[in-house]
Amino acid sequence: VFMKVGILLGSFNPIHMGHLHMAASALNAELVDEVVFVPSVQNPWKTDSTDFRNRCFMIQLAIDDMEHCSLSSIDYRNTEPYYSVNTLKMLQEEYPEDELYLIVGADIVNTIKDWHEGGWILENFKLITIARQGSEAEAIIKKTINVSSTEIRTLISNGKQIYPLVPKVIAQYIKRYNLYKK
């Protein structure tokens with residue numbers, strides 16, 4: 001039985017309520033049957049990602065209570081440069097019978113064509129776009145939670161509260177392992 005699988009790519013540095021809302025929205029709207037969170041080992045454009053293992057642990061903790069959500073650490077098999085297209089090709093092999101969707105924020109929809117092999121991505125993956133504050137792009141899912149990982153890292157480095165922008169278990173994990181401190 002083929003399934004509709006939503007792929008949520010990202011640094012998840014750290015995972016936050018906005019990411020979880022994207023997954024839940026796609027599931028609740030019945031656009032997909034399952035959402036797979038796929039953290040990137042290293043985004044070619046970002047250099048400050050915390051350890052891949054820590055980001056995977058946090059994703060697993062965050063989605064533990066969410067049905068039809070899973071973590072794929074497949075990107076650890078990716079090689080430099082870490083292009084999304086390589087990860088997506090590996091995911092196609094991993095889910096050969098399923099219909100794959102890319103769940104993306106409306107803010108990046110119009111940039112995908114400029115990604116490495118962006119044309120191939122757009123030909124092979126249907127997009128589920130989620131509204132993002134400040135983006136004019138058309139979105140399938142209009143409701144959004146306005147929070148970013150950058151904002152959360154800034155709050156942490158300034159010794160500020162991050163819960164409820166992240167699940168409590170993530171706030172505790174970050175504190176326990178002293179992540180994102182300058």
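# Exercises on a predicted model

The axes of helix H2 (residues 52-63) and helix H7 come within 9 Å and cross at roughly 155°. The model is a predicted one, and the exercises below work through parts of it.

## Exercise 1: two helices in contact

State how H2 and H7 are oriented to each other, and describe the residues in their contact.

Solution.

Step 1. Take the crossing angle, which is roughly 155°.

Step 2. Compare it with the cut-off: angles over 145 degrees count as roughly antiparallel. H2 and H7 are therefore roughly antiparallel to each other.

Step 3. Give the handedness. The crossing in which H2 passes H7 is right-handed.

Step 4. List the residues. From H2 come Asn 54, Phe 57, Met 58, Leu 61 and Ala 62, and they meet Val 169, Ile 170, Tyr 173 and Ile 174 of H7.

Step 5. Sort them by type. The contact of H2 with H7 holds 8 nonpolar residues, 1 polar residue and no charged ones.

## Exercise 2: the buried side of H6

Find the buried residues of helix H6 (residues 149-157) and decide how they are arranged around the helix.

Solution.

Step 1. Pick out the buried residues of H6: Ser 149, Ile 152, Arg 153 and Ile 156.

Step 2. Look down the axis of H6. The buried residues fall within an arc of 100°, so they line one face of the helix.

Step 3. Identify what they pack against. The partners of these buried residues are helix H1 (17-28) and helix H7 (168-176).

Step 4. Check what follows the helix. Just after H6, Gly 159 has a positive phi of about 70°.

## Exercise 3: cis peptide bonds

Locate the cis peptide bonds that lead into Pro 81 and Pro 164, and give omega for each.

Solution.

Step 1. Glu 80 and Pro 81 are joined by a cis peptide bond with omega of about -10°. Pro 81 sits in the loop between strand S3 (69-71) and helix H3 (84-94).

Step 2. From Tyr 163 to Pro 164 the peptide bond is also cis, and its omega is near 15°. Pro 164 belongs to the loop between H6 and H7.

## Exercise 4: positive phi outside glycine

For Glu 30 and Asn 178, give phi, the location and the exposure.

Solution.

Step 1. Glu 30 is not a glycine, yet its phi is positive, near 60°. Glu 30 lies in the loop between H1 and strand S2 (34-39).

Step 2. Exposed means over 50% relative accessible area. With 66%, Glu 30 is exposed.

Step 3. Asn 178, likewise a residue other than glycine, has a positive phi near 55°. Asn 178 is in the segment after H7.

Step 4. The relative accessibility of Asn 178 is 51%, so this residue counts as exposed.

## Exercise 5: two lysines

Which exposure class does each of Lys 4 and Lys 142 belong to, and how far in space is each from a residue elsewhere in the chain?

Solution.

Step 1. Lys 4 is part of strand S1 (residues 4-10). Its relative accessible area is 26%, so Lys 4 is partly exposed.

Step 2. Lys 4 and Leu 100 are 96 residues apart along the chain, while their C-alpha atoms are separated by 6.0 Å.

Step 3. Beyond its neighbours within four places in sequence, Lys 4 has contacts that include Glu 30, Val 32, Asp 33 and Tyr 101.

Step 4. Lys 142 is in the loop between strand S5 (126-130) and H6. At 56% relative accessibility, Lys 142 is exposed.

Step 5. Lys 142 and Thr 129 are separated by 13 residues in sequence and by 8.8 Å from C-alpha to C-alpha.

Conventions: Residues numbered from 1 in each chain as written. Predicted model: local features only at pLDDT ≥ 70, side-chain atom pairs only at ≥ 80, totals over all residues. Heavy atoms only, no water. Buried < 20%, exposed > 50% of the residue type's maximum accessible area, 1.4 Å probe, protein only. Helix = DSSP H or I, 4+ residues; strand = E, 2+ residues; numbered from the N terminus. Arc of directions from axis to C-beta. Contact = heavy atoms within 4.5 Å. Axes fitted to C-alpha atoms, helices over the stretch in contact; angles between N-to-C directions. Parallel < 35°, antiparallel > 145°, perpendicular 65-115°, else oblique. Left-handed = near helix turned anticlockwise from the far one by under 90°. Nonpolar A, V, L, I, M, F, W, Y, C, P; charged D, E, K, R; others polar.
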